[in-house]
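Grab a coffee and have a go at these exercises before peeking at the solutions. You'll want the structure open in your viewer.

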Amino acid sequence: MTTYVLVPGGHMGGWLWRDVVDRLRERGAEACAATLTGTGDRRHLAGPETDLETHIEDLVQLIDHVDAPEVVLVAHCHGSFPALGAADRRPERVSRIVYVSAPLPMDGYSVHSLIREFEPDPAVRERWWQRAEQAEDGWRIPPLSLDGVRASNSVAGIPADTLARLVRLASPQPLGPLTQPLRLSGAAAELPSTGVFCTGTGMNIAAVESLVRSGDPRFRALAEPHVAFFELDSGHWPMLSAPDELTEVLLRAAAGEGRRVTA
């Protein structure tokens, strides 16, 4: 039986994965969704000291307490940073990492520094800086409004009542997990990984091929044989807009399927 640990991105709790958890269990897998410190129903535990290391430890503890020899770590959005950090601490317990509409974390980069260096759209970069500057008490970013969610992410295919629930349950986001650089030992470098691109956001496998062809050594790992990719016809929130299709992709990813990119 494959066991999945599902990691949400900013402002979200484990509730985000509810539909996918149900579908994975219906297909014979086991699944549990993480809620990181300071988000979801753990929002009251946040403080100025909450940082990336806090969220990595959240996932390490969850992995340690899962009654399975190995797990498939599935990360959405910038939940990819604590997910890779946890895999680096427990590589023997992780069979694969799946990144769903998520940036590729790199050693020495924070979410913000990765956006600063690699985000081509200046409007997107400016939006990230403005929200950080507006953090309440200097460390807590307010959740997005409905208009903000629509403006900053592709919400195509999400039913109106589901979108309303997303906005209602969104929590403030601690700033520390976005600004603290990820530090890796390299222990997870050879773990199988899968990228799931949601084409409604403008990302696709062709973009990966372009990065690999650029010759930048930081992207060489994307062409390793243990790395695979899927494209999903969805916006940024496939667990809400296309839970059946995402579930199928996660099952196929765990089985080692997906398209490879060659250097």
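What follows is a short set of exercises with worked solutions on this predicted model.

**Exercise 1. Is strand β7 (residues 193-198) buried or exposed, and how are its two faces covered?**

Step 1: Go through the strand residue by residue, counting anything under 20% relative accessible area as buried. Six of the six residues pass that test, so β7 is largely enclosed by the rest of the structure.

Step 2: Now sort them by face. In a regular strand, side chains alternate between the two faces of the sheet. On one side of β7 sit Ser193, Gly195 and Phe197, and on the other Thr194, Val196 and Cys198; both sets are buried, which leaves both faces covered.

**Exercise 2. Find the strands that pair with β7, and say how each one runs.**

Step 1: Start with β4 (residues 94-100), which pairs with β7 in the parallel sense over four bridges. To place the pairing, look for Val98, which stands opposite Thr194 in β7.

Step 2: Then turn to β8, which also runs parallel to β7, with six bridges joining the two. Here Ser193 of β7 is opposite Val227 of β8.

Step 3: Trace the connection. Together, β7, α9 and β8 form a β-α-β unit, and its hand is right.

**Exercise 3. Where is Pro225, and is it buried or exposed?**

Step 1: Pro225 lies in the loop between α9 (205-213) and β8 (227-232).

Step 2: Check its accessibility. The relative accessible area of Pro225 is 61%, and the cut-off for exposed is over 50%, so this residue counts as exposed.

Step 3: Look for a partner far along the chain. Arg260 is 35 residues away in sequence, yet the two C-alpha atoms are 6.9 Å apart.

**Exercise 4. Describe how helices α2 (residues 52-65) and α3 (residues 80-89) cross.**

Step 1: Two packed helices are described by the angle and the distance between their axes. For α2 and α3, the axes come within 8 Å and cross at roughly 55°.

Step 2: Classify the angle: these helices are therefore oblique to each other. As for hand, α2 passes α3 in a right-handed crossing.

Step 3: List who meets whom. The contacts include Leu52, Ile56 and Leu59 from α2, and Phe81, Ala83 and Ala86 from α3.

**Exercise 5. Which residues of helix α4 (residues 111-118) are buried, and what do they pack against?**

Step 1: Val111, His112, Ser113, Leu114 and Ile115 are the buried ones.

Step 2: Follow their contacts outward: these buried residues of α4 pack against α3, α5 (122-133) and α8 (176-179).

Conventions:
Residues are numbered from 1 along each chain as its sequence is written. This is a predicted model: local features need pLDDT of at least 70, side-chain atom pairs count only at pLDDT 80 or more; totals for chains, interfaces and linings use all residues. Side-chain values use heavy atoms; hydrogens and water are left out. Buried means under 20% relative accessible area, exposed over 50%, partly exposed in between (1.4 Å probe, protein chains only). Two strands pair if DSSP finds at least two bridges between them. A crossover is right-handed if, with the strands pointing away from the viewer, the path from the first strand over the helix to the second runs clockwise. Axes are lines fitted to C-alpha atoms, for helices over the stretch in contact, and angles run from 0 to 180 degrees between N-to-C directions. Angles under 35 degrees count as roughly parallel, over 145 as roughly antiparallel, 65 to 115 as roughly perpendicular and the rest as oblique. A crossing is left-handed if the near helix is turned anticlockwise from the far one by less than a right angle, and right-handed if clockwise. Contact means heavy atoms within 4.5 Å.
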